[in-house]
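Here is a set of questions and answers for a first-year student, in which each label is set against the rule behind it. Please look at the structure first and then read on.

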Amino acid sequence: MAKITRFLEQLLNIIMAAALAIMVVLVFGNVVLRYFFNSGITWSEEMSRYLFVWLTFLGSIGAYQNKEHLGVDMMVKRLPRHVKRFVLVVSDLLIIFVLVLLLDGSWKMTLMNIDSVTPAVGMPLALVYGTGLVVAVSMAIITINNIYRIIFNKVTDEELNAINDSEEMII
């Protein structure tokens with residue numbers, strides 16, 4: 001399981017790096033073309049916008065996996081281990097509920113826009129709205145894995161802290 005997780009995390013990082021690199025090339029190239037040659041790439045801005053959407057959503061998956069989202073865990077840190085485990089399972093169940101709502105809304109928006117295309121690129125808008133599907137399913141898998149690990153006592157005391165402290169990330 002650890003090998004699969006590592007592979008998927010590396011794949012996610014590669015996709016995000018590629019999206020960022022393409023965005024930089026498109027935007028910089030368009031700026032250079034506009035200022036020095038009075039022309040530009042008509043679809044550059046639109047494609048950069050959609051790549052940014054994908055980059056943001058995929059980045060949220062990576063941040064969720066590494067527990068780098070903002071959160072307040074002052075109270076949870078002070079709880080006894082068994083209560084902390086219970087609170088985190090309830091929290092993860094709430095997260096799954098929200099992810100189901102995200103999946104439902106993204107699915108409906110994807111189906112509504114399956115025949116619509118973007119004006120400049122001509123790409124199906126379903127690819128843009130499909131980001132919610134990818135995020136909801138990916139984060140649900142991570143959350144279900146977290147619940148499994150908590151219930152079957154496969155987590156350490158350090159892992160029971162809901163979020164990483166900013167000081168921990170610096171060191």
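**Labels and their reasons**

Q: Which residues of α1 are called buried, and what makes them so?
A: The buried residues of α1 are L12, M16, A19, M23, L26 and N30, and they carry this label because buried means under 20% relative accessible area, while exposed means over 50% and partly exposed lies in between (1.4 Å probe, protein chains only). Among what covers these residues of α1 is α2. The names α1 and α2 come from DSSP runs (H or I of at least four residues for a helix, E of at least two for a strand), numbered from the N terminus.

Q: What kind of model is this, and how are its values taken?
A: This is a predicted model, in which local features need pLDDT of at least 70 and side-chain atom pairs count only at pLDDT 80 or more, whereas totals for chains, interfaces and linings use all residues. Residues are numbered from 1 along each chain as its sequence is written, and side-chain values use heavy atoms, with hydrogens and water left out.

Q: How do you know that the span of α1 agrees with what is expected of a helix?
A: The expected span is 1.5 Å times one less than the number of residues, so the 36 residues of α1 should span 52 Å, and its end C-alpha atoms are 51 Å apart, which agrees. After α1 comes N38, whose phi is positive, near 50°.

Q: What makes the largest nonpolar core a core, and which elements give two or more residues to it?
A: A nonpolar core is a set of buried Ala, Val, Leu, Ile, Met, Phe, Trp, Tyr and Cys residues joined through side-chain atoms within 4.5 Å, and the largest one here has 15 residues, with L12, M16, L51, L55, L58, I61 and M139 having the most contacts inside it. The elements that give two or more residues to this core are α1 (2–37), α2 (44–65) and α6 (131–151). Apart from it lies another core, of seven residues, among them L88, I147, I150 and V155.

Q: Which residues does L55 contact, apart from its neighbours within four places in sequence?
A: L55 is in contact (heavy atoms within 4.5 Å) with M16, A19, L20 and M23, once those neighbours are left aside.

Q: Why is the pair R49 and E45 called a salt bridge?
A: A salt bridge needs a side-chain nitrogen of Lys or Arg within 4 Å of a carboxyl oxygen of Asp or Glu, and the closest N and O atoms of R49 and E45 are 3.6 Å apart, so the pair meets the rule. The two residues are four apart in helix α2, which separates them by about one helical turn. R49 is partly exposed at 42% relative accessible area, whereas E45 is exposed at 56%.

Q: How many salt bridges does this rule give?
A: The count comes to two. D104 and K108 also form one, at 3.2 Å from N to O, and these residues are four apart in helix α4 (residues 81–112). D104 is partly exposed at 38%, and K108 is partly exposed at 48%.

Q: Why is N146 called buried, while V32 is called partly exposed?
A: N146, in helix α6, has a relative accessible area of 15%, which is under the cut-off for buried. V32, in helix α1, counts as partly exposed because its relative accessibility is 24%, a value between the two cut-offs.
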